[in-house]
Amino acid sequence: MEQEQQPRSHAGKPKIRPSVLASIQEEASAEAMDEARWLFSLSDLLTLLLTFFVMLFAISVPDQKKLSDMMKGYGGAKGGAKKAVTGAEDPEAFVKKHMKSLISDNNLVNDIDLTSDSRGVVLFSRGDFFFPSGTAELLPDTRLFLDKVSDILRGVPNTVLVEGHTDDVPTSTAQFPSNWELSTARAAVVVKYFVQEKKIDPKRFIVSGYGEFKPRFPVTPENRPKNRRVEIIIMTSEKK
């Protein structure tokens, strides 16, 4: 029997029949659809997840305090806090430089003194800058001042000693039986502000109260406001 001859191209090679070519194209198209089907499923899954998170956000109630704390933290990271001391910079020099700027920039030269002694850099107030006479409640403006001081303290790792002092007028109340209690309470209030409000590590602080027994100025009626003070001492780093 004579076999059917395959059509040939002009080059002499066998030519594929149109019906066979169409069948091959249909099979290729079906395989491509199968491969793309998982992409459609992934797209549906992502759409569902997006819808879920949008609903979750819509029904949630923002915590205003946390939001406020987050914004404050963001503000600090953007420049509110002082840049930390570098390895090549002396921490005491860093503190002095920024404390001087704080005092001069805020016109506090008549209210705050900056000095240094064997303990370290000493910052102290004159008169009733921190507290009204006979109380241990921070004044509103003092809180703003301590906010700026805390930015500087965050820039160094040094231990901070906070001392409370009173004038020589005796105190005898139910809350403060003597100047010992009053002076110690004032120092503790300042440290609690740094720790609780400004979130500085409490392990860095030492609190002490001296009553009227460690005056910085001669004990006279005129000097009572000067001796009624809080001192913040950024202690000298231990040399390794």
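Let's start with a pairing: Asp168 and Arg224 form a salt bridge, with their closest N and O atoms 2.8 Å apart. Asp168 sits in the loop between strand 3 and helix 5 (179-197) while Arg224 belongs to helix 6, so this bridge ties together parts that are 56 residues apart in sequence. Keep in mind that you're looking at a predicted model. Eleven salt bridges turn up in the structure. Below is a quick tour of some of them, then a look at Val230 and helix 3.

**The Asp168 and Arg224 pair**

- Asp168 counts as partly exposed, because its relative accessibility is 29%, and the limits for that class are 20% and 50%.
- Arg224 is partly exposed too, with a relative accessible area of 29%.

**Salt bridges around Glu163**

- Side chains of opposite charge can pair when their charged atoms come close.
- Arg119 does this with Glu163: the two form a salt bridge in which the closest N and O atoms are 2.8 Å apart.
- That bridge links distant parts of the chain, as Arg119 is in the loop between strand 1 (112-117) and strand 2 (120-125), whereas Glu163 is in strand 3 (residues 160-164), 44 residues apart.
- Lys214 also meets Glu163 in a salt bridge, at 3.6 Å from N to O.
- Here again distant parts of the chain are linked: Lys214 lies in the loop between strand 4 (205-209) and helix 6 (224-227), and Glu163 is in strand 3, 51 residues apart.
- How well covered are these residues? Glu163 is buried, at a relative accessible area of 1%, while Arg119 is partly exposed at 22% relative accessibility.
- Lys214 is partly exposed as well, with 35% relative accessibility.

**A shared network**

- Which residues are joined into one network by salt bridges that share partners? They are Asp117, Arg119, Glu163, Lys214, Arg216, Arg229 and Glu231.

**Val230 in strand 5**

- You'll find Val230 in strand 5 (residues 230-235).
- Val230 counts as buried because its relative accessibility is 1%, and buried means under 20%.
- Leaving aside residues up to four places away in sequence, Val230 touches Leu123, Phe124, Ser125, Phe130, Phe131, Val162, Glu163, Arg186 and Val190.
- So Glu163 shows up again, this time as one of the residues that the buried Val230 touches.
- The C-alpha atoms of Val230 and Phe129 are 9.1 Å apart, although the two residues are separated by 101 residues along the chain.

**Helix 3, side by side**

- Helix 3 (residues 91-105) has 15 residues, which at 1.5 Å a residue should span 21 Å, and its end C-alpha atoms are indeed 21 Å apart.
- Its buried residues are Pro91, Glu92, Phe94, Val95, His98, Met99, Leu102 and Ile103.
- Those residues are on the same side of helix 3, because they cover an arc of only 155° around the axis.
- What about the other side of helix 3, where which residues are exposed? Lys100 and Asp105 are exposed there.
- Strand 1, strand 2, helix 4 (140-153) and strand 5 are among the elements that cover the buried residues of helix 3.
- After helix 3 comes Asn107, which has a positive phi, near 55°.

How values were computed:
Residues numbered from 1 in each chain as written. Predicted model: local features only at pLDDT ≥ 70, side-chain atom pairs only at ≥ 80, totals over all residues. Heavy atoms only, no water. Salt bridge = Lys/Arg side-chain N within 4 Å of Asp/Glu carboxyl O. Helix = DSSP H or I, 4+ residues; strand = E, 2+ residues; numbered from the N terminus. Buried < 20%, exposed > 50% of the residue type's maximum accessible area, 1.4 Å probe, protein only. Contact = heavy atoms within 4.5 Å. Expected span 1.5 Å × (residues − 1). Arc of directions from axis to C-beta.
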